[in-house]
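Colleague: Thanks for sitting down with me. Could we go through the model together, with the reasoning behind each label?

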Amino acid sequence: MAGRRSRRRGQRAQAAVKPDRPEPHPVGDDEAWTQSDMRAMRRRLLDTIHRSYLDAISRLPPADLRRTAGLALARGLLVGGHCFGPLHPVHNIVVNSIWYAAAFPLRRPVITGAETDDEDEVPALLSTDGLTRICHRSLDGLLAALHHLCPSLTTGEALWNLFSAGADLTASIALANGTSRSSAERVIASQGLDAFQVAAEAARHPDPATFAQFLSSALPAANAQHNIVQLLLMKRVLATRHVNYLSNVLVPSPPHEPPKAPLLLSPQVVQLIASQRKQIKETGKQVINAVNKALQDYMSRSGEQMTVHSVCGASLLKEEGLDNCYHINFLAYYMDSGSAVGAPVLFFTEAIILSSGDTDIRLCVPVHLVTDIGVCFACEINRKKAVHPIYDEYLGGREFQEDEVDYGSDFPNPLDVDYIFFDGDRDRGFANYLWRESTGH
């Protein structure tokens with residue numbers, strides 16, 4: 001079993017949760033930080049950022065997340081919803097996602113055979129790889145912004161400051177400079193445009209210049225006028241009317257985009273997009289069916305009534321014959337008199353999904369974003385982010401060495417989110433890539 005084998009890999013993963021900060025050293029000298037330390041900090045930072053995304057998703061209305069046209073909030077989150085900006089990381093994700101969805105509404109050509117009557121069903125399964133990619137790119141953006149604003153920091157120091165500040169850019173600047181948060185806010189106010197431009201480019205935002213202008217100018221102005229942060233603090237869970245309000249406040253008029261000639265897709269590209277969407281939906285239905293069964297099993301044991309909000313992580317384990325085993329995170333509301341109440345609860349389930357359609361739920365338990373810090377070698381080596389319970393047994397292995405896992409931010413191949421939310425006006429580079437793939441050029 002993968003669990004038994006990985007236990008022989010050593011105890012380094014647990015020991016490397018928070019390395020001690022070494023003594024100060026000359027600028028540009030990273031020798032005080034071992035590669036193992038920096039890998040451990042990067043991994044834990046990615047965990048922190050991932051939890052911020054799950055928190056943000058739990059605050060957004062599921063109906064808006066499931067739209068696949070127009071104001072496609074899931075696309076806003078997975079493509080433009082980076083966690084850096086002048087606010088708290090969770091608030092940054094919410095605001096940046098809504099802004100990008102409103103500023104760049106999805107306009108895509110009709111892909112014959114790609115759309116079905118149940119188009120809105122599978123987006124309940126948010127792209128696991130897309131979520132992992134935006135976490136990595138957000139971290140790259142945070143590092144770039146912090147280096148720009150605090151140029152004397154080494155890579156190790158920048159990672160340590162971000163790690164200690166919970167991936168909060170403002171708090172990281174204050175920690176690095178030994179000043180207050182208000183002082184760090186003034187640094188961002190005075191240098192934000194250049195810093196956010198550098199960050200957006202490092203994070204591969206689709207429109208770095210417009211995004212930097214939004215973060216440094218439009219967002220602070222809208223917050224001062226409309227008290228956006230106060231709204232986010234008061235409304236732990238946003239309704240569709242709140243999303244619409246924020247869309248109008250954040251994007252009073254869409255950014256100017258130069259007119260482009262209509263994108264003409266070759267039959268090969270159209271067929272490839274249609275085929276990928278169909279495959280993604282089929283896999284997504286299996287996962288959603290497993291989640292529904294897992295929640296039913298949990299409710300039968302607990303006596304509680306709940307309904308699924310969204311599926312926010314699905315990792316197919318690939319270690320040592322675990323081909324049909326999934327680790328899944330999903331959010332679910334409590335129900336009272338037929339209505340959802342309170343904030344969604346995060347769950348972890350381990351499910352065996354067979355090709356025949358049969359599903360065996362091995363485990364389904366609530367998990368907490370802060371206290372549950374379980375780890376899984378199979379998920380980590382698969383480059384999937386999932387919150388695992390710490391007190392329950394699951395497959396995949398809990399111990400491994402940091403150098404066995406790739407924590408780089410390079411995602412060279414297109415992901416499912418790129419197919420689901422293909423934009424005929426803006427994704428020309430992706431369309432060209434697909435044409436080259438389909439023709440062998």
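Colleague: Which residue in β3 is the bridge partner of H327?

Modeller: That partner is E350. Keep in mind that this is a predicted model.

Colleague: What makes β2 and β3 a pair?

Modeller: Two strands count as paired if there are at least two bridges between them. Strand β2 (residues 325–336) and strand β3 (residues 339–353) have 11 bridges, in the antiparallel sense, so by that cut-off they pair. They also form a hairpin with 2 residues between the strands, and S337 in the turn has a positive phi of about 55 degrees.

Colleague: How do you know that β3 pairs with β4?

Modeller: The reasoning runs along the same path: 7 bridges join β3 to strand β4 (residues 359–366), and the two run antiparallel. The cut-off is at least two bridges, so they pair. F347 stands opposite P366 in β4. This hairpin has 5 residues between its strands, with G357 in the turn at a positive phi of about 100 degrees.

Colleague: And how is β1 joined to β2?

Modeller: By 9 bridges, with the strands antiparallel; S315 stands opposite H327 in β2.

Colleague: Why are β1 and β4 called edge strands?

Modeller: The open sheet has 4 strands in the order β1-β2-β3-β4, paired antiparallel. β1 (306–316) and β4 each pair on one side only, and that makes them the edges. From one strand to the next, the twist averages 25 degrees.

Colleague: Let's turn to the helices. Why is α3 called oblique to α6?

Modeller: The axes of α3 (residues 35–59) and α6 (residues 89–103) come within 9 Å and cross at roughly 55 degrees. Angles under 35 count as roughly parallel and 65 to 115 as roughly perpendicular. The crossing angle falls in neither range, so α3 is oblique to α6. The crossing is right-handed.

Colleague: Which residues make that contact?

Modeller: On α3 they are S52, Y53, D55, A56 and R59, and on α6 they are P89, V90, H91, I93 and V94. By class, that gives 6 nonpolar, 2 polar and 2 charged residues.

Colleague: Which residues of α13 are called buried, and what do they pack against?

Modeller: The cut-off for buried is under 20% relative accessible area. In α13 (residues 240–250), the buried residues are H242, V243, L246, S247, V249 and L250. They pack against α4 (62–65), α5 (73–80), α6, α11 (208–226) and α12 (228–234).

Key. Residues are numbered from 1 along each chain as its sequence is written. This is a predicted model: local features need pLDDT of at least 70, side-chain atom pairs count only at pLDDT 80 or more; totals for chains, interfaces and linings use all residues. Side-chain values use heavy atoms; hydrogens and water are left out. Axes are lines fitted to C-alpha atoms, for helices over the stretch in contact, and angles run from 0 to 180 degrees between N-to-C directions. Angles under 35 degrees count as roughly parallel, over 145 as roughly antiparallel, 65 to 115 as roughly perpendicular and the rest as oblique. A crossing is left-handed if the near helix is turned anticlockwise from the far one by less than a right angle, and right-handed if clockwise. Contact means heavy atoms within 4.5 Å. Ala, Val, Leu, Ile, Met, Phe, Trp, Tyr, Cys and Pro count as nonpolar, Asp, Glu, Lys and Arg as charged, and the others, Gly among them, as polar. Buried means under 20% relative accessible area, exposed over 50%, partly exposed in between (1.4 Å probe, protein chains only).
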